[in-house]
Amino acid sequence: MKFTIGWLKEHLDTQKKDNELIEKLTDIGLEVESFENQSSGLDSFKVAKIINAEQHPNADRLRICDVDIGLDNTVKVVCGAPNAKKDLLTIYAGPGSIIPKNNMKLSVSKIRGVTSYGMLCSESELNLSNESEGITELRTSKYSDKIGKNFFKSNTEKVVDLSITPNRPDCLGVRGIARDLAAAGAGKLKKISLKNIKKNESQKIKVSITKDKNQGCTIFGSCLIEGVTNKESPQWLKEKIISLGQKPISAIVDITNYVMLDLNRPLHAYDADKIDKEIIVRNSKMGETFEALDTKEYKLGDDMCVISDKSGVLGLGGIIGGARSGTEINTKNILLESAYFTPRSIRKTSKLLNIDTDAKFRFERGIDTQSIKLGLSKAAELISEICGGKVSNFDIQQTDKHEKNKIKFNISLFEKITGFKVNDSEIIKILTDLGFEVSKKNLELDLKIPTWRPDITQPIDIVEEIVRIKGYENIETLQPEKTKIKDTLNAQQKLFHFLQRSVASKGYFETITWSFTDSKINKIFKENLKEIKIVNPISSDLDVLRNSIFTNLTFYLKKNLDRGFKDISLFEIGPIFKGSQPGEQLTVIGAIKSGKISRLNWNEKDRIVDVFDVKKDVIQTLVEAGYDRQSFFVRDKSPSYYHPGKSGSVYLDKDEIDPVAYFGEIHPNILKKLDIKTEGLVGFEIYMDYLRENKIKLKDLKTNFEYSDYQKSERDFAFVVDKNVKAQDLIEIISSIDKSLIRTIKIFDIYEGENIPEGKKSIAINVTIQSSEKTLEESDLEKINKLIISTVETKSGAKIRS
Amino acid sequence: MSDIKKIKDEYLNKLENDLNIESVNQIKTQLFGKNGQISNFFKTLGSLPTDERKKFASDLNSIKNELQDKIDSKLQEIETKEINSKLENEKVDVTLPEREFSRGKIHPVSQVIDEISSIFSEIGFSVEEGPDIENEHYNFTALNTPDNHPARDMHDTFYLDNNKELLLRTHTSPVQVRTMLNGKPPFKIIAPGRTYRSDSDQTHSPMFHQVEGLHIDKDINMGNLKGCLNYFIKSFFEVDKIKMRFRPSHFPFTEPSAEVDIGYEIKDGKIVIGEGDKWLEILGCGMVHPNVLKNVKVNPDKYQGYAFGIGIDRLGMLKYGINDLRAFFETDYRWLNHFGFDPLDVPSNYRGLSR
């Protein structure tokens, strides 16, 4: 909402300075977006008088002028114009001014050794005329008392731009803003003065509102003005329209716009001669079409509120007029419409047809139901004044009385909500100034709501009115209470934060990427999950919700590789989506690692990242989070985007159904598809939702401290097994032989090749044996030794290597 | 007697020379070996008369000890010398680089969420979360923003179906609704999370983060709201004083509503929070609208309270001098390295929010 302070003052009698008004606007909830000159810097050109003109000591053609610019001291200006002489009235531009002709910015400068503060301008430099011989000479009779004043008058007004919240349609008109300011003590709201124009004729065009179901129009006021001369608007009106950044069109259009901006009363002017017999306000029928003022042809559906005549649709009520009945410069007779359309109907129709107009914006938010006549009067007055013509009586068709809403307001609610008290009398004054009709009954106020405030429907709205006018600075700042209702984080949230930092501590950079991604990349990683399309994506390459975190991670990995980075470790913890219903999402950690370990290191040999790097990171993270490594179970199954032979899945327990993590090399085909160039790429995913809560709390774990001081013994074994026998199985076989004696099992060598038969491999295992009851004797050790060998041999088909 | 004294002096003298381990051991054998000189004297003890024997034995023992000590210390000396000379040869250039270590980083948004949680934890708030996909009811209708409400246009919503039933939440406020529907008052929660609007330019990104706050009890008023936010802003920016301004505004789900500005100034091209004559809008808040309370089955005649919504990314930008919102989500390794935090820097009350 834009307006000028001058315009505001047509409604507000105030002594306040501009900046005070601006501050007040913000204080009462009318946020000032900007307050600046519409035209740039023309107020730096002042009427000035040359007090004295001397010859420049170093230049024949230059003079040094002492110039009166209305300040206590004169300024010195060096000027080359032959007509610069004592007592001349001219135009002065100070340092910082921008000369319209060449857009040069003036600064204080030395001219031939003499400092000049600004310049005296020629008419041509100001684009006033082509006269460039000498500086402007102003008539003494007109300008002698204007020294120091701005030369350009009409453009000096600053424009206020307010951001009006959707609940305040009344402030979409200058008068509404003035009313709010007056209520807040920034002045007095002026009465609207209307000239009494003669209205002898009757309104000859019949108007009717049909009784359709959900009829969107409840009041239709009209007035016929015959014999007008449409023309260019007078200067004052043009300036008003221009000052708000709009384009003047013709007097009639400008007047209707002016009334809308002034009173938030949208009007529509029809060329009365183009109306076929009568006006019928009715619901549209499916398939009806009409050409609107925006020159587009609209195809209507059922039940849209249209203004029509015998030949068809003239316009969409409260949204846009039609081309057929629009006014033109040679229009002779006009029908003025001032109507009320319900917000619901406006919103429905404009959404279906996708039309956004100024009128729609206003009706959608709610127009004052009692502004019908005021709008007609104001516009008719201006039209007859500017364009002449005979004004008819007003015809008002109305299907709803629109009586004022009433609210009972218990005064104590104010203090209960805001925490501070305001006198009853002050409350009554604020509400009265805002247009409420107030009567007090004991502790209650009976309120009639002003018709321009459709947003006010219940007592809490009244609290807001009082507190915003009284000022939010009156609300006390109370110390926060520290009482806690429940723990800050629940178990799952604690785990989230733990895992996040645990993964980061292993050298990964955390990133945050969109929850959506490119469907082409998503296809690579989505497995059997459903693709979830966004109906209105921000761009076609962000068109689906991600089914995997790897979608975006690989995309950004490539970007970083292209930046010249090689060894990259990235992770993200966030949602992936399984379906389009709320809650059909999982929280997943996705991490990837590219390039080499120990690249260009003087004392360690570099190697390409491999599956066991990420396996370590996964397992360590899970162990740090409190899960028992001994019960983990690893399978060689993993999603298809991993290398089938170099990836796996981790289960917290052998019996669990869902793996908690995947890890492995990324499938080489994917690198090719995404054009990722790196020596190696591995990754892992941890599914937080499948990580069951650790039932054993730390305090329980810690109290249970058991250890053995008896001597440990270590034994090494080398088994030759089939190549497809898994290390994990051997370990499980050995560890289950005697859980009380076998403490640790380590695999310290894997060997294939010479001395080992085809299709076999040798696994070297170190076992630590210790009892918690006694020191084991050689015979005990020998016994367990033999047991290990025989059990492994029977259960896995292994042979001990001699 | 004089014999053994002579031997003693002779050997002590010998041991003064620069010897190696072998020659010391040789001396040791010459003295204490099977036929060593001292050993032989001990063998003669038995043949001496009783009165002499005692004296001689005592002298012999003391000489033996003296020589033994000398030999031990000589051996020690040689060993030390040998170790020292060995160490001398083992010297490395310790200015060579250490073994490679990798250092991960926490994204500034995560860090800021932890900071926020830590601050609100201090004044009794707990953390709630909700789904990223919402239906239109939780995101709008229950929050007093019915279908025909123009405020819906202010949110550029991403939809997942043509009926506009399913959407990506445009704010974290639906968590309020879910929390209140699933529990009984009082409520004292914050809800940080991802939010989405189909808006993309230098200052808007289609995904961003918000933290919602909600405190509902019997007598929570706007003074409590002001106090809570004042405490939060001061703690978050780690300043003693903060210039704050509450401006009336409008949100369908709160009434009265306010926007909060904080004072700032530009010093040496950097934004300084807390002082100065410029205002920066940082959050929206208000008293929860009675219609919202009714929608979640909380009696508005008995309970009231406030809610607020803060842009997390924006807070992070202000605190840590990040200029471009879009950069948060572009995964530039250099950016992550620079603006990321060490994973060990966990914001907490006792250690402080940040270093």
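Reader: Let's start with one rung of a ladder. In S35(A), which residue is the bridge partner of A:Leu570?

Author: A:Ile592 is the bridge partner of A:Leu570 in S35(A). One thing to keep in mind throughout: this is a predicted model. That rung is part of a longer pairing, since strand S34 (residues 569–577) and strand S35 (residues 585–594) of chain A run antiparallel over nine bridges. Helix H15 (residues 550–562) of chain A packs on the sheet, with contacts to S34, S35 and strand S41 (681–687) of chain A. The direction of H15 makes about 25° with that of S35(A).

Reader: What is the strand order of that open sheet in chain A?

Author: Reading across, the order is S30-S34-S35-S41-S40-S39-S38 in chain A, seven strands with mixed pairing. Look at the ends: strand S30 (509–510) and strand S38 (633–635) of chain A each have a single partner strand, so one side of each has no neighbour in the sheet.

Reader: And the side chains along a strand, where do they point?

Author: The general idea is that side chains in a regular strand alternate between the two faces of the sheet. For another strand to try this on, go to S4 (residues 45–55) of chain A, which pairs antiparallel with strand S7 (residues 89–93) of chain A over five bridges. A:Ala48 is the residue opposite A:Thr90 in S7(A). S4(A) is also joined by six bridges to strand S5 (residues 63–68) of chain A, again antiparallel. On that ladder, A:Gln55 has A:Arg63 in S5(A) as its bridge partner.

Reader: Zooming out, how many domains does the assignment give, and where are they in chain A?

Author: The assignment for chain A runs from domain 1 to domain 6. Domain 1 is made of two stretches, 2–38 and 157–189, with domain 2 at 42–143. After those come domain 3 (206–398), domain 4 (406–471), domain 5 (491–690) and domain 6 (708–800). The C-alpha centres of domains 2 and 3 of chain A are 52 Å apart. Chain B has domain 1 (2–89) and domain 2 (108–339), and their C-alpha centres are separated by 89 Å.

Reader: Now the interface. How many residues of chain A are in contact with chain B?

Author: Chain A brings 80 residues, in contact with 71 residues of chain B. Several elements of chain A supply at least two residues each to this side, including helix H7 (343–353), helix H10 (412–418), helix H13 (491–504) and H15. H12(A) gives the most, with six residues. By type, the side of chain A that touches chain B splits into 29 nonpolar, 29 polar and 22 charged residues.

Reader: What about the nonpolar cores? Which residues have the most contacts inside the largest one?

Author: They are A:Ile225, A:Ile334, A:Leu336, A:Ala379, A:Ile383, B:Ile116 and B:Cys285, in a core of 155 residues. Helix H6 (residues 251–263) of chain A provides the largest share of it, nine residues. Setting aside neighbours within four places in sequence, A:Ile334 is in contact with residues including A:Ile225, A:Val228, A:Ile252 and A:Tyr270. Another core lies apart from that one, with 64 residues, among them A:Phe509, A:Trp514, A:Leu553 and A:Ile686.

Reader: Is H8(A) mostly covered or mostly uncovered?

Author: Mostly covered, with six of its eight residues buried. Those six are A:Ala359, A:Lys360, A:Arg362, A:Phe363, A:Glu364 and A:Arg365. They pack against strand S24 (334–341) and H7 of chain A. Following H8(A) is A:Gly366, with a positive phi near 110°.

Reader: Positive phi outside glycine catches my eye too. Is A:Thr295 exposed or buried?

Author: A:Thr295 has phi near 65° and belongs to the loop between strand S19 (289–291) and strand S20 (297–299) of chain A. The limit for exposed is 12 or fewer other C-beta atoms within 10 Å; A:Thr295 has 7, so it is exposed. B:Thr331 also has a positive phi, about 55°, but with 24 C-beta neighbours inside 10 Å it counts as buried. B:Thr331 sits in the loop between helix H11 (312–320) and helix H12 (333–339) of chain B.

Reader: Last check, on omega. What is the peptide bond from B:Pro185 to B:Pro186?

Author: That bond is cis, with omega near 5°, and B:Pro186 lies in the loop between helix H8 (174–182) and strand S4 (187–196) of chain B. The bond from B:Glu255 to B:Pro256 is cis as well, with omega near -10°; B:Pro256 is in strand S7 (residues 254–267) of chain B.

Technical notes:
Residues numbered from 1 in each chain as written. Chains lettered and ligands numbered in written order. Predicted model: local features only at pLDDT ≥ 70, side-chain atom pairs only at ≥ 80, totals over all residues. Domains from an automatic or database assignment. Pairing = 2+ DSSP bridges. Helix = DSSP H or I, 4+ residues; strand = E, 2+ residues; numbered from the N terminus. Contact = placed C-beta atoms within 7 Å. Axes fitted to C-alpha atoms, helices over the stretch in contact; angles between N-to-C directions. Nonpolar A, V, L, I, M, F, W, Y, C, P; charged D, E, K, R; others polar. Core = buried A, V, L, I, M, F, W, Y, C linked by C-beta atoms within 7 Å. Buried ≥ 20, exposed ≤ 12 C-beta atoms within 10 Å, placed from the backbone.
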